[in-house]
Structures are given as structure tokens and as C-alpha cells.
Amino acid sequence: MTFEDFIMIAREKNASDIHLTADLPPVFRINGDLSQIEELNNIPITKRMIISLLNAQQEESFIAGNDVDFAFELSTGSRQRANVYRHMGKVACAIRLLNNTVPTIEELGLPSVIKDLAGKKSGLILVTGMTGSGKTTTLSVMIDYINSTRPCHIITLEDPVEYRYEPKLATIHQREIGRDTKSFQDALRSALREDPDVILVGEMRDYETMQLAVTAAETGHLVLATIHTRGAVRAVNRIVDAGPAELQQQTTVQLSQILECVISQSLLPLKDGSGRIAALEILVGTDAVRNIIRANKAFQLETAIQQGKSAGMCLMDDVILDYHRRGLITNEVALFYADDRVTMSNKLSIK
């Protein structure tokens, strides 16, 4: 069996991830859970099989002791994101199976406010959530919508490049960290001299990247970025708290002026086992929200979200409860993904 055959089996079973460890059976993540596939248990996963995914430069880096992030494409055109690393002296690999094409907003069942946000000409849009929550897909959907509706210049900064975009109305340049540029910081500084209208930052990992993204949004660009937190309110706090204490007030003022939206996302397993459904918490940068951020009273944002339904805002727990009432998810899933499990448990007990 070739490596390509192996990945095609994973795709046929609707797996989202593959975990490979030398001398152990492969493990697939299907609908959020890890499982072994019986017919593959006797296929030996070897060190050479995993190393064969690397090009010469990547293999050299790995031999030097580094973990290696990259994306690769099969002859079928399907793309995968991979990380090769060591485990107890053995070689291991995690592979994320990417969609061959970027889905549409309608295909993902995302709320209509996503189109309104993608139509913004400037400001900061954050997509947050834990690893594997679908952040990259949501951002890709927005980028592709802009590509289809606006003649503009889009620059994406990714580590690694996942979805490849075909230019439609927009001109698109995709820059991969480590191959096309050294770092997110270097790429963001350069981007401001490359006449962009829209900048996608694959991940804001540190204060310098956050500040450069904020500056880009302040200077009239639309910046879309991911950040690893759970919940829209925590994303605001994460940016404010990332810098030195003496600059936090300045950051709150900047953020209040440029924040267009925070989308917090989770993928919930469906009750019938057919897949997963995206649950989105949405904080929109209304005047009320901007005033709360400016006053450094982020603890009031949850109330603002509850009161902002007409602007497209919603709390994660309200979305989860709606899915449960519609029979889409189980009690266990609703409780596991809820932000306030005590309140969720009480609401689920009401017949």
C-alpha cells in the first residue's frame, strides 16, 4: 500500500487527522474522536515512511533536532498539513486532511453576518478557538468570499499554506513562513509596503505580531487573524494582556477603534454520528462594544453579546443549547463544550 492509498482511506472514512508513530498502528480522528482502523492495523508504519514525506531541506532540519511543519499535495490534488516530530526516540507525524476546495459560507451553514464582516474595508477580525476547531476553514471561507466579490489585493501569511486560492476578482499572494519569509513579524512589516487591501495572519502567537496586526488595521487595511483562546471575551483580554503593563491602556484604545468582530468557534459531534457542526460565538464591534473595550471593562462584553442579537451577536452556550433543542447533539456534547456547565446542566434538565 502506498502512502497515497493510505491517505485516501482516511479521506473515505471522513477522518480529519491521522496520527502516525513508527512501529505502531495508525490512528485516525473521526468526528472528533481517535480510533484505529482494523484493516490498517497490520500495515507497518516505518520511520522511512514518515521521513519520506520530507524534502531534502526538511529532512536536514529534522535530523538537526527540529520538528518540521509543512503542507503537501497528492497526485489527486488533495492537500494535507503535517508536523513531523519525535516521541520517546521514535519518529511520529500528525497529518491534518484539508478540503480540496474552499467551501462556501452557505455550505458550512455559517450565519449571514459572516458576509457582512468579509465586506468590511478595514479593521480587525479575529477567529479564535482551540486546535482543530475549524478556524482556518472559517478564515479561508471569508478570504474566498472577498476574492469572489472585491477587486483588491490580498496577502496571506501562513505556516504552512493550507488552502490554495485561484485569483477571481482579487489578486492574491500567499506567503509561507519559513519558505517565503522568515517570520510573521517580518512578513507583516513587509506587507505594509506591498500595497495590500486585505491581510490574513495565520496565527498571532506573540505580542509583536499582535501589535503589527493592530497597526495594519489602524492604517486602513482589513486584517483577519487567528488567536488561540476559548471565547470571544478571552480573545480581547489576550491581546490587551500580551504586552507590557504600561502599554495596555494604549492597546485597549487601539483595539476599541479597529475591532470589527471576534468569532469563537468549536466543532461539535452530531448526535447521529454523521459528522460535526460548527458552533460560533460572535462578538461584533458595535459602538457599545467599543465603549466597553475602551473603558477596559471586558467583563461586561458577555452582557453586550446577549443584548446584541440584532447585530448578529450570539453566545456560544446559546448556540449549543439551540443545537440540543433541535436534537442535533447529545446532552454529553452540550455539557462538554459549554462555557458555563452548571447553567447548561440546569437548562438541559428543564423538560
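These notebook entries record what I looked up in a predicted model of one protein chain.

**Entry 1: the whole chain**

I began with the secondary structure and found 15 helices and 13 strands in the chain. I then looked up the extent of the C-alpha atoms, which fill a box of roughly 60 × 60 × 40 Å along the principal axes. For 351 residues, a compact globule would have a radius of gyration near 20 Å, and the chain has 21 Å, so the two agree. I noted that 50% of the 351 residues count as buried. Turning to contacts with a separation of 6 or more, I found that 56% of them join residues 24 or more positions apart.

**Entry 2: alanine 225**

I located alanine 225 in strand 11, which spans residues 222-227. Is this residue buried or exposed? Its relative accessible area is 0%, and because buried means under 20%, alanine 225 is buried. I listed its contacts, leaving aside neighbours within four places in sequence: they are Ile125, Leu126, Val127, Leu139, Val201 and Met204. I also looked up its distance from arginine 164. The two residues are 61 residues apart in sequence, and their C-alpha atoms are 17 Å apart in space.

**Entry 3: glutamine 185**

I found glutamine 185 in helix 7, residues 184-191. Its relative accessibility is 17%, so glutamine 185 counts as buried. Not counting residues up to four places away in sequence, glutamine 185 touches Asp206, Glu208, Thr209 and Leu212.

**Entry 4: the buried side of helix 9**

Which residues of helix 9 (residues 232-242) are buried? I recorded Ala232, Val233, Ala235, Val236, Ile239 and Val240. These residues cover an arc of only 165 degrees around the axis, and therefore they lie on the same side of helix 9.

**Entry 5: helix 10 against helix 11**

I next examined a pair of packed helices. Two packed helices are described by the angle between their axes and the distance between the axes. For helix 10 (residues 248-258) and helix 11 (residues 287-294), the angle is about 175 degrees and the axes are 8 Å apart. Angles over 145 degrees count as roughly antiparallel, so helix 10 is roughly antiparallel to helix 11. Helix 10 contributes Gln249, Thr252, Leu255, Ser256, Gln257 and Ile258 to the contact, while helix 11 contributes Arg290, Ile293 and Arg294. I sorted the residues of this contact by type and obtained three nonpolar, four polar and two charged.

**Entry 6: backbone details in loops**

I looked up two residues that have a positive phi although neither is a glycine. Methionine 88 has a phi of about 50 degrees. Its place is the loop between strand 5 (79-87) and strand 6 (90-97). With 76% relative accessibility, methionine 88 counts as exposed.

Asparagine 296 has a phi of about 60 degrees. This residue belongs to the loop between helix 11 and helix 12 (301-306). The relative accessible area of asparagine 296 is 47%, so I entered this residue as partly exposed.

Finally, I checked a peptide bond. The bond from aspartate 159 to proline 160 is cis, with omega near -5 degrees. I placed proline 160 in the loop between strand 8 (153-158) and strand 9 (171-176).

Methods. Residues numbered from 1 in each chain as written. Predicted model: local features only at pLDDT ≥ 70, side-chain atom pairs only at ≥ 80, totals over all residues. Heavy atoms only, no water. Axes fitted to C-alpha atoms, helices over the stretch in contact; angles between N-to-C directions. Helix = DSSP H or I, 4+ residues; strand = E, 2+ residues; numbered from the N terminus. Parallel < 35°, antiparallel > 145°, perpendicular 65-115°, else oblique. Contact = heavy atoms within 4.5 Å. Nonpolar A, V, L, I, M, F, W, Y, C, P; charged D, E, K, R; others polar. Buried < 20%, exposed > 50% of the residue type's maximum accessible area, 1.4 Å probe, protein only. Arc of directions from axis to C-beta. Rg over C-alpha atoms; globule rule 2.2 N^0.38 Å.
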